[in-house]
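Thanks for sharing this one. I have put my reading into numbered points, so that you can follow along with the structure open beside you.

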Amino acid sequence: MAHDTTAATMRRALRREVPSTVGLLADDQDFTAMRRRYRTFTFDDHETYLHQVEELLKTLVGEGGHTTVALFDPEDYAAYCAETGLDPDTPASRSRYTAEIAATGACVAYTGQPIDRLVPTLVHRAVRQATWEYATMLLTDAGECADCGQDIGRAAFDQATHTLTRLLDAAGPGTHHLVCSIPADEQLLAVLHTDRPPTGPAVLDTTEAAEFVTVLAAGIALESPGGLVLRTTTPAAPDRVHGWRLDRGRLVPLTEAEVFNAYCTDADTGEPLPPEPGVDYRAGFDITPDDPWPTHH
């Protein structure tokens, strides 16, 4: 009896050392696709499914281990099973796919957040990762310049990195919120949050910064139109908004009127919007690099 108790205690201790991964169907459309395709997927409605997932997550956290939630994509799952020769209509195949996407796909650590907050966070993470991967592909496919032999994607990434550094240096202390938008076959949008103390450099999240630089670099490499907006918050002062447009690989400052129009126009309808209280709309400042982006072919 003592031996059995000791063994059970050891297994519980080992269980706390093993991470858990849960694949989540975030929206009703994906849930319906799984329900219609696979007999062994036995849930009846998405709301009940989400409730049961949340209860499972609470149980796993209660056991003391680390739990990760990964976004489960039915189309990607079907392709994965076809490629690996797995039967898609089995829990074992779904479990194996979940383990794969946890290593390479969008996932979020579960720390007790409610399901209605977890789902949009996971979807947002997936969109960010897809944007990063697509922008990286554009840089890779840019190839070499026919004139100078330079790797265009690498050169554009270096240029974007230097541009971001110059921008944050010129922006000064405060909390900065940057948005970069690049039109391509798929619209690229990247967001960066950073705090710049009164002395010293800005504090950056390395992953977020890499995503932002990659999207900006894609616009530079393609010499695509695009835009960048900086919003700065400092204590006891109105927020400041500056803007730039991307022109042949260079960020050109917008005028104060152009920044105002960009912020006070509905992007979908083109209708004017009222100015936001407590915001100063200002012209972009010069962030031309010492070595401007050359024209590549």
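**Notes on the model**

1. Let me begin with the second largest pocket, whose lining has 7 nonpolar, 2 polar and 5 charged residues. Its space comes to about 280 Å³. The lining is made of 14 residues, and Leu71, Phe72, Asp73, Asp76 and Tyr97 are the closest to the centre. Helix H5 gives the largest share of this lining, with 4 residues. Please keep in mind throughout that this is a predicted model.

2. Now for the overall picture. The protein chain has 297 residues, of which 36% count as buried. Its secondary structure comes to 9 helices and 10 strands. Among contacts with a separation of 6 or more, 62% join residues 24 or more positions apart. The chain exposes about 16,700 Å², and carbon and sulfur atoms supply 54% of that area.

3. The largest pocket deserves a look as well. It holds about 450 Å³ of space. Which residues lie nearest its centre? They are Val22, Gly23, Tyr49, Arg94 and Thr98, out of 20 lining residues. Strand S1 (20-24), helix H3 (46-62) and helix H5 (91-104) each bring at least two residues to the lining. By class, the lining of the largest pocket divides into 12 nonpolar, 7 polar and 1 charged. Helix H5 is thus a name to remember for both pockets: at least two residues of the lining in the largest, and 4 residues in the second largest.

4. On to the aromatic side chains. The structure holds 12 aromatic pairs. In one of them, phenylalanine 41 and tyrosine 49 sit 6.1 Å apart, centre to centre, with 55° between the planes, and the pair is tilted. Both phenylalanine 41 and tyrosine 49 are buried. Tyrosine 49 also appears in the pocket list above, as one of the residues nearest the centre of the largest pocket.

5. A second pair is worth displaying: how are the rings of tyrosine 80 and tyrosine 97 arranged? Their centres are 5.4 Å apart and their planes stand at 55°, so this pair is tilted. Tilted pairs are those whose planes are neither under 30 degrees apart nor over 60. The pair links distant parts of the chain, with tyrosine 80 in helix H4 (residues 74-84) and tyrosine 97 in helix H5, 17 residues apart. Tyrosine 80 and tyrosine 97 are both buried.

6. Tyrosine 80 and tyrosine 97 also belong to one aromatic cluster, together with Tyr38, Phe72 and Tyr77. You may like to view this cluster alongside the second largest pocket, since Phe72 and Tyr97 are among the residues closest to the centre of that pocket.

7. Two backbone angles caught my eye. Most residues other than glycine have a negative phi. Glutamate 223, however, has a positive phi of about 50° although it is not a glycine. Glutamate 223 is in the loop between helix H8 (206-222) and strand S7 (226-233). With a relative accessible area of 26%, glutamate 223 is partly exposed.

8. Arginine 248 likewise has a positive phi of about 50° without being a glycine. Its setting is the loop between strand S8 (239-247) and strand S9 (250-253). Is arginine 248 buried or exposed? At 55% relative accessibility, arginine 248 counts as exposed, because the cut-off for that class is over 50%.

9. Proline 275 is in the loop between helix H9 (256-263) and strand S10 (279-281). Proline 275 is partly exposed, at 44% relative accessible area. Which residues does proline 275 touch, not counting residues up to four places away in sequence? They are Phe260, Cys264 and Tyr281. For phenylalanine 260, the C-alpha to C-alpha distance to proline 275 is 8.0 Å, with the two positions 15 residues apart in sequence numbering.

10. Last, threonine 32. This residue has its place in helix H2 (residues 28-37). Threonine 32 is partly exposed, with a relative accessible area of 23%. From threonine 32 to aspartate 45 the C-alpha to C-alpha distance is 8.1 Å, and the two are 13 residues apart in sequence.

Definitions and conventions: Residues numbered from 1 in each chain as written. Predicted model: local features only at pLDDT ≥ 70, side-chain atom pairs only at ≥ 80, totals over all residues. Heavy atoms only, no water. Buried < 20%, exposed > 50% of the residue type's maximum accessible area, 1.4 Å probe, protein only. Contact = heavy atoms within 4.5 Å. Areas by Shrake-Rupley, 256 points an atom, 1.4 Å probe, with all protein chains shown as cover. 1 Å grid on protein atoms, 1.4 Å probe; cavity = no way out; pocket = protein on both sides within 12 Å on 5 of 7 lines; lining within 4 Å. Points joined across faces, edges and corners; volume = space filled by probe spheres on them. Nonpolar A, V, L, I, M, F, W, Y, C, P; charged D, E, K, R; others polar. Phe/Tyr/Trp six-rings, centres within 6.5 Å; stacked < 30°, edge-to-face > 60°.
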